[in-house]
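Please look through the structure below with its sequence at hand. The paragraphs that follow begin with the surroundings of a single residue and work outward from there.

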Amino acid sequence: MQRQNEEHPVTDPVCGMELSHKSAVDEATYQGKTYYFCAQTCCEAFVADPKKYVRQHRQHGMKPG
């Protein structure tokens, strides 16, 4: 059983680095979700074009656009 105070790792959506909320240098919110970053430059790239880094959900059987 996991302890409740253990932190789940998060992934920087720009560079793919795995980090914790505590070790994140910056964060940004997009469409109601908070994203965490290993460096301010990753955050700046995300804020400039978040659609480039957020994986879009698509339904099964639909071809990508």
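In this predicted model, Cys42 is in contact with Asp12, Val14, Cys15 and Phe37, when its neighbours within four places in sequence are left aside. Cys42 has its place in helix α1, which covers residues 40–48, and at 10% relative accessibility Cys42 counts as buried. Its C-alpha atom is separated by 9.6 Å from that of Glu27, a residue 15 residues apart from Cys42 along the chain.

Glu27 leads to the strands. Strand β3 takes in residues 26–30 and strand β4 residues 33–37, and the two run antiparallel, joined by five bridges. One of the bridge partnerships is that of Ala28, whose partner in β4 is Tyr35. The hairpin of β3 and β4 has two residues between the strands, and in this hairpin Gln31 takes a positive phi near 50°.

The aromatic residues come next. The structure holds four aromatic pairs. In one of them, the rings of Phe37 and Phe46 have their centres 5.2 Å apart and their planes at 50°, and the pair is therefore tilted, since this angle is neither under 30 degrees, as stacking would require, nor over 60, as an edge-to-face arrangement would. Both partners are buried, Phe37 with a relative accessible area of 0% and Phe46 with a relative accessible area of 1%. The rings of Phe46 and Tyr53 also make a tilted pair, because their centres are 6.4 Å apart and their planes stand at 35°. Tyr53, however, is partly exposed, with a relative accessible area of 22%. Together with Tyr30 and Tyr35, the residues Phe37, Phe46 and Tyr53 form one aromatic cluster.

Cys15, one of the contacts of Cys42, raises a further point: how many disulfides does the model hold? The count comes to zero. The closest cysteine sulfur to that of Cys15 is in Cys38, at 3.6 Å, and this is too far for a bond because a disulfide calls for sulfur atoms within 2.5 Å. Cys38, for its part, is in no disulfide, the nearest cysteine sulfur being that of Cys15. As for accessibility, Cys15 is partly exposed, with a relative accessible area of 43%, and Cys38 likewise counts as partly exposed, at 22% relative accessibility, whereas Cys42 is buried.

Technical notes: Residues are numbered from 1 along each chain as its sequence is written. This is a predicted model: local features need pLDDT of at least 70, side-chain atom pairs count only at pLDDT 80 or more; totals for chains, interfaces and linings use all residues. Side-chain values use heavy atoms; hydrogens and water are left out. Two strands pair if DSSP finds at least two bridges between them. Helices (H or I, at least four residues) and strands (E, at least two) are DSSP runs, numbered from the N terminus. Rings of Phe, Tyr and Trp (its six-membered ring) pair if their centres lie within 6.5 Å; planes under 30 degrees apart count as stacked, over 60 as edge-to-face and the rest as tilted. Buried means under 20% relative accessible area, exposed over 50%, partly exposed in between (1.4 Å probe, protein chains only). Contact means heavy atoms within 4.5 Å.
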